[in-house]
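Please find below a short note on the model under review. The points follow the structure shown here.

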Amino acid sequence: MNMHTADAVTAEESIAIQERQAAFDSKAATAVAMQDTLLTPRFYTTDFDELDAIDVSSVREDWDKLIAQMVSDPNKGHFKKNEDWDHVDWDGMDPTLRKEFIDFLISSCTAEFSGCVLYKEMKRRGSNKDITQLFQLMARDEARHAGFINDALREAGVAVNLGFLTQKKKYTYFRPKFIYYATYLSEKIGYARYITIFRHLEAHPEHRFHPIFKWFQEWCNDEFSHGEAFALLMKTDPKLTSGGNVWWIKFFLTAVYSTMHVRDHQRPAFHAALGVDTDWYGHEVFTKTSELSKQIFPITLDIEHPRWARGLKRLQAANADIAEAKERGGLSGWLGKTWGSARAAAAFVSLYTIPSVPNRVPESPRLEPAY
Ligand SMILES: [Fe+2]
Ligand SMILES: [Fe+2]
């Protein structure tokens, strides 16, 4: 059987295909994907019984529409190389760009697969038909996304061994409500990131240094739907988005945005090749994500506040110093790391304490991708 992950209709099928390719997967790339730091994509586990107990009848109409759209599977067969896939000159690529781009692909692949693993597990453990159906559909999409990135990596002679990751990577436990906030945001920010790059490259095709960006539009539409699903899940329980939980929402917004900022600034050559100013890009993505998140979150972050840009810069500088101190090692490295961590924490607190902007959440959260 010579099937491609793009045509797989379940996550299991997709993973089986990728396991057959695992013979070619490289140790170095898998080692990068195995890293668990504050900044690298993690694998999550949760209280699956609590998730399984969600009753979606209060959002039934919106729910059925969304599920029908996902069942119709508009992107089946899309995530594979075709005649639009131009030749990639990996050997001729500037070494710094090559390194950063591969790092970007590995990290994206790990993030996609992290979603797949979590969603697949929920589908496996659950008995609630609505919930298991949703999670099966989302796992299907994420497995295809991860498979496609791995296709791109394989051309560069590297690939992530996803079977190995599933078994060996550490799983972080998040209670369901944290999964909702974190996953909802990562889906929506994923949409905003992909569509911003896609639109930018539409206007400046000379910066499209790799064909995978041509696939970003359909890609981000998948992420958009996943985000919609989490918005509906949160809508079933008003407590999730009110009272003390608003502080958690603010925490996750701040953490997700600032992590993205620091991560992106670690890849200057990548953004230069795309012709994108990293600060502009971040601001653009935060603006879109905030606009979307008004569908369900009662607050947005004030990213126009003067302390916002300053705080991000401080956080980024502290992180750069931590990385340098780690390289240095020894006592001075340890001191540098400790001092850097204290500064990073202070910068995060400064960002977190910027007053947020209240927002009136609409009756029905449903949105369509419009950027
Ligand atoms: Fe995805
Ligand atoms: Fe997704």
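**Note on the predicted model**

1. Asp 36 is found in the loop between helix H2 (27–34) and strand S1 (43–45); helices (H or I, at least four residues) and strands (E, at least two) are DSSP runs, numbered from the N terminus. This is a predicted model, in which local features need pLDDT of at least 70, side-chain atom pairs count only at pLDDT 80 or more, and totals for chains, interfaces and linings use all residues. Residues are numbered from 1 along each chain as its sequence is written, while chains are lettered from A and ligands numbered from 1 in the order in which they are written.

2. Asp 36 is partly exposed because 13 other C-beta atoms lie within 10 Å; 20 or more would make a residue buried and 12 or fewer exposed, with C-beta atoms placed from the backbone. Beyond its neighbours within four places in sequence, Asp 36 is in contact (C-beta atoms within 7 Å) with Arg 42 and Lys 170.

3. The largest nonpolar core (buried Ala, Val, Leu, Ile, Met, Phe, Trp, Tyr and Cys residues joined through C-beta atoms within 7 Å) has 74 residues, of which Leu 105, Ile 106, Cys 109, Cys 116, Leu 153 and Val 160 touch the most other members. Helix H6 (residues 129–155) gives the most to this core, contributing twelve residues.

4. Excluding residues up to four places away in sequence, Leu 153 touches several residues, including Ala 29, Ile 102 and Val 158. Another core, of ten residues, lies apart from the largest one and has Trp 308 and Leu 312 among them.

How values were computed. Contact = placed C-beta atoms within 7 Å.
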